[in-house]
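Thanks for sharing this one with me. Here are a few notes to read alongside the coordinates.

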Amino acid sequence: MTKPSSSSRSAPPPQTPPTQVQWLTIDADQAGQRIDNFLMARLKGVPKSRVYNILRKGEVRVNKGRVKPDYRLVSGDQVRVPPVRVTQSAPAPKPSDQLVRQLDKAILFESEGLLVLNKPPGLAVHGGSGVSLGLIEVLRQMRPEARFLELIHRLDRDTSGCIMVAKKRSMLRHMQAALRDKSASGVTKIYQALVLGRWSERKTKVDAPLMRLEINGDRIVKVHPEGKPSLTRFRVLRRFEGATLVEAHLITGRTHQIRVHAQSAGHSLVGDEKYGDDEANRRWRARGVKRLFLHAAELGFYLPDQSDMTRVVAPLPDDLQAVLAQTPQE
C-alpha cells in the first residue's frame with residue numbers, strides 16, 4: 001500500500017500573520033466583562049488554551065499590569081493584546097435574499113440598544129448542531145457595521161414570535177437582569193398555544209418543579225420534585241373541537257416549560273413531537289399542522305431610565321391562523 005503524497009494530505013487551516021501589538025481602551029459598554037471572555041471575542045479562531053496561556057505568561061496587560069483570567073474590565077482600562085497568529089475560519093454561508101427580506105420585515109421594535117423581531121418558525125436562533133446559519137448569524141451579516149449583536153434569550157426552532165437581540169452590551173446586561181427579576185419590574189413573556197382537549201377555566205396555573213434529564217441520549221424535561229421551581233399561568237382564549245387555544249404567561253423561564261407544564265396538566269401541545277400525543281399529532285397533521293403550535297405573542301419590558309413598560313406584540317402567524325380557521329369552534 002503506497003503512502004499518500006504530500007499533495008493529497010489535508011492541508012492545515014490557513015493562518016493570518018501575527019498581528020501587531022494592540023492597545024485597546026475599554027468603554028462603558030465593554031466594562032464588566034471578564035478579560036478572558038473579552039480576548040476570546042477579539043481573537044476569534046485562537047484556541048481557548050492559547051488565550052489562557054498568554055494571560056498566564058503576562059503577555060496581556062491591563063493598565064500595564066498582569067491580570068488573572070477572571071479580572072473584570074473597567075471603563076477606561078488600557079488593554080495590551082500581544083501579536084497572536086489567528087487561524088482563518090471558512091467563510092460563513094450567505095443567507096438567501098428571501099430570508100434577509102423576511103427578517104427585515106420581521107423587526108417589531110428597535111431602539112438604540114435593542115431589537116425585537118418576530119422570529120419565523122423553522123429558523124434556529126443560532127448556528128450549530130447541523131445548523132449553519134441561525135437568526136443571530138443572519139442578523140450580523142445583514143448589519144456588518146454593528147459592533148455588537150447578541151441574543152438576550154432563546155426560542156426553540158419551531159417556535160415563532162417575539163425574540164430580543166441586544167445591540168449593546170449594557171442592554172444585554174440590563175435585559176438579562178430583568179429576565180431574572182420575577183417581580184412586576186421584570187420581563188413579561190406571553191405565549192399562545194393550542195393544547196389538546198378541553199382546558200378548564202379553573203386551571204389558571206401550573207406550579208411544578210422541572211428537571212432536565214438525559215434518557216437514552218435524548219435530552220428531555222420532566223416534572224420532578226428535585227427540579228427547579230417553575231410557574232406558568234394559563235388563560236383560555238378560545239375553544240375548538242378537540243382543542244383549546246390558551247395564553248401562557250411564563251413566570252419562570254425553564255427549558256420547554258410551557259410544553260411540559262401543559263403535558264403535566266393532561267393537555268399536550270398540538271404538534272409537539274417530544275412531549276405530545278403521537279396519534280393526535282397524526283390527526284392534526286392531516287388538518288395542516290406542520291409544527292409545534294406555540295407562538296411567543298407578547299413581550300413587556302422596561303428600557304433603562306424609562307418608567308413606562310414597553311409592550312411588543314407579534315400576531316399569530318399565517319400557518320397557525322390557517323389551522324384555526326379550518327377547525328370548528330365549540
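1. The surface caught my eye right away: D158, E273, D277 and D278 come together there as a patch of negative charge. Please keep in mind that this is a predicted model. Within the patch, D158 belongs to the loop that runs between β6 (150-151) and β7 (160-166). Its relative accessibility is 35%, so D158 is classed as partly exposed, since that class covers values between 20% and 50%.

2. For the overall picture, the chain holds eight helices and 15 strands. The C-alpha trace spans about 70 × 70 × 45 Å along its principal axes, and 43% of the 330 residues count as buried.

3. Have a look at helix α6 (residues 257-264), where six of the eight residues are buried, so the rest of the structure largely encloses this helix. The buried residues in α6 are Q257, I258, R259, V260, H261 and A262. Just past the end of α6, G266 adopts a positive phi of about 90°.

4. D77 deserves a moment of your time too. You will find D77 in the loop between β2 (61-62) and β3 (78-81). Which side chain of opposite charge is nearest to D77? That is R72, 11 Å away; D77 is buried but has no salt bridge, a pairing that would require the charged atoms to lie within 4 Å. What the side chain of D77 does reach is the backbone nitrogen of V74, at 2.9 Å.

Technical notes:
Residues are numbered from 1 along each chain as its sequence is written. This is a predicted model: local features need pLDDT of at least 70, side-chain atom pairs count only at pLDDT 80 or more; totals for chains, interfaces and linings use all residues. Side-chain values use heavy atoms; hydrogens and water are left out. Patches are made of residues with over 30% relative accessible area and no salt bridge: like charges are joined within 9 Å, nonpolar side chains (Val, Leu, Ile, Met, Phe, Trp, Tyr) within 5 Å. Accessible areas come from the Shrake-Rupley method with a 1.4 Å probe; for residues, only the protein chains shown count as cover. Lys and Arg count as positive and Asp and Glu as negative; His and the chain ends are not counted. The place of a charge is taken as NZ of Lys, CZ of Arg, CG of Asp or CD of Glu. Helices (H or I, at least four residues) and strands (E, at least two) are DSSP runs, numbered from the N terminus. Buried means under 20% relative accessible area, exposed over 50%, partly exposed in between (1.4 Å probe, protein chains only). A polar contact is a pair of N or O atoms within 3.5 Å; within protein, one must be able to donate a hydrogen and the other to accept it, and residues adjacent in sequence count only if both atoms are side-chain atoms.
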